[in-house]
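Trainee: Please go through this predicted model with me, and set each label that you use against its definition.

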Amino acid sequence: MREVLAQAAFQLFLERGFERTTVDDIVARAGVGRRSFFRYFPSKEDAVFPDHERCLAEMTEFLAAADGGDPVGAVSDAARIVLRMYAANPEFSVQRYRLTREVPGLRTYELSVVRRYEQTLAGHLRSRFGAEGDGALRAEVIAASVVAAHNNGLRLWLRSGGEGDPEAAVDHALAMVREVWGRPDAPAPAAPEASVVPAAPLAVSGGGDGDGEVVVMVARKGTPMWRVVQQIESAVGEN
């Protein structure tokens, strides 16, 4: 029933547009009542992303079972779970990507989903590095880097219409993350007074021109606010 409702909803979104489609329209197309819809989806936005809850649960389970080896490798492998979800249904993934680019409300919703993925990755890393001081910071930065690397490759594949192998670009980007952060005895790279790291969401929102992208700001404690603002303005301008 969940799949039937999601398919009915997405067909209507493509035919009529997201804003002009109501829950009543969706249940009429699916041939069920409103109660059935809300049993599976809290809102029509949720019907656009019916697979993310399952994927998040799978990621959480995977990380919980990860051994005591390379934590950066574990979160990189966890990100590939999301990639496989998209690659399993290229047509739907590409259509959803295009729809999300067109509807601001869906981009906002998607970013909230993305944040849950990133928090899951960061939580696993904090359990390995420690939840205080540089351990917590390292966890947050690596999680954001994995998100950005994953989606750099995934977004290229979606823009191509789902052609080719999405894993090649994603694996290349994640290898760069592991090269920098994957050595447990290596010190963190020296940071300037304030640095800005562009990041892309796991669930992928925004377009190639920078629309909808996320900027993660990392600054040393005590950095003057004018310097922080200057760095953010510079990054936004560059994007």
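**Labels and their grounds**

Mentor: Let us start with Arg39, whose place is in helix α3; helices (H or I, at least four residues) and strands (E, at least two) are DSSP runs numbered from the N terminus. The model is predicted, so local features need pLDDT of at least 70 and side-chain atom pairs count only at pLDDT 80 or more, whereas totals for chains, interfaces and linings use all residues. Residues are numbered from 1 along each chain as its sequence is written, and side-chain values use heavy atoms, with hydrogens and water left out.

Trainee: Why does Arg39 count as exposed?

Mentor: Its relative accessibility is 55%, and the class is set by cut-offs (buried under 20% relative accessible area, exposed over 50%, partly exposed in between, with a 1.4 Å probe and protein chains only); Arg39 therefore falls in the exposed class. In space, the C-alpha of Arg39 is 9.0 Å from that of Arg2, although the two are 37 residues apart in sequence.

Trainee: Which residues make the nonpolar surface patch of about 250 Å²?

Mentor: Met1, Val4 and Tyr40 make it, and Tyr40 lies in helix α3, which spans residues 34-40. Members of a patch need over 30% relative accessible area and no salt bridge, with like charges joined within 9 Å and nonpolar side chains (Val, Leu, Ile, Met, Phe, Trp, Tyr) within 5 Å. Tyr40 has a relative accessibility of 31% and so counts as partly exposed, a value that also passes the area condition for a patch. The areas come from the Shrake-Rupley method with a 1.4 Å probe, and for residues only the protein chains shown count as cover.

Trainee: How do you know that Asp24 and Arg34 form a salt bridge?

Mentor: The term asks for a side-chain nitrogen of Lys or Arg within 4 Å of a carboxyl oxygen of Asp or Glu, and the closest N and O atoms of Asp24 and Arg34 are 2.8 Å apart, so the pair meets the definition. Asp24 belongs to helix α2 (residues 23-30) and Arg34 to helix α3, so the pair ties together parts that are 10 residues apart in sequence. Asp24 is partly exposed, at 42% relative accessible area, and Arg34 is partly exposed, also at 42%. By this rule the count of salt bridges comes to 11.

Trainee: Which pair does Arg96 belong to, and is Arg96 buried or exposed?

Mentor: Arg96 forms a salt bridge with Asp51, with 3.0 Å between the closest N and O atoms. The pair links distant parts of the chain, since Arg96 is in helix α7 while Asp51 is in the loop between α4 (44-48) and α5 (52-64), 45 residues apart. Arg96 has a relative accessible area of 2% and is therefore buried, and Asp51, at 14%, is buried too.

Trainee: What makes Arg80 and Asp171 a pair that links distant parts of the chain?

Mentor: Their side chains meet in a salt bridge at 2.8 Å, N to O. Arg80 lies in helix α6 (residues 71-87) and Asp171 in helix α10 (residues 166-181), and 91 residues separate them in sequence. Arg80 is buried at 18%, whereas Asp171, at 30%, counts as partly exposed. Asp77, Arg80 and Asp171 are linked in a network of salt bridges.

Trainee: Which helix gives the largest share of the lining of the second largest pocket?

Mentor: Helix α1 does, with seven residues; α1 (2-16) and α7 (90-102) each supply at least two. The lining has 16 residues, of which Glu3, Gln7, Pro50, Asn89 and Phe92 lie nearest the centre of the pocket. A pocket, found on a 1 Å grid over the protein atoms alone with a 1.4 Å probe, is an open set of points with protein on both sides within 12 Å along at least five of seven lines, and lining residues have an atom within 4 Å of a point.

Trainee: How many of the 239 residues of the protein chain, in per cent, count as buried?

Mentor: The share is 44%. The protein chain has 11 helices and two strands. In helix α8 (residues 104-129) lies Phe129, which counts as partly exposed because its relative accessibility is 28%. The C-alpha atoms of Phe129 and Ala139 are 7.1 Å apart, with their positions 10 residues apart along the chain.
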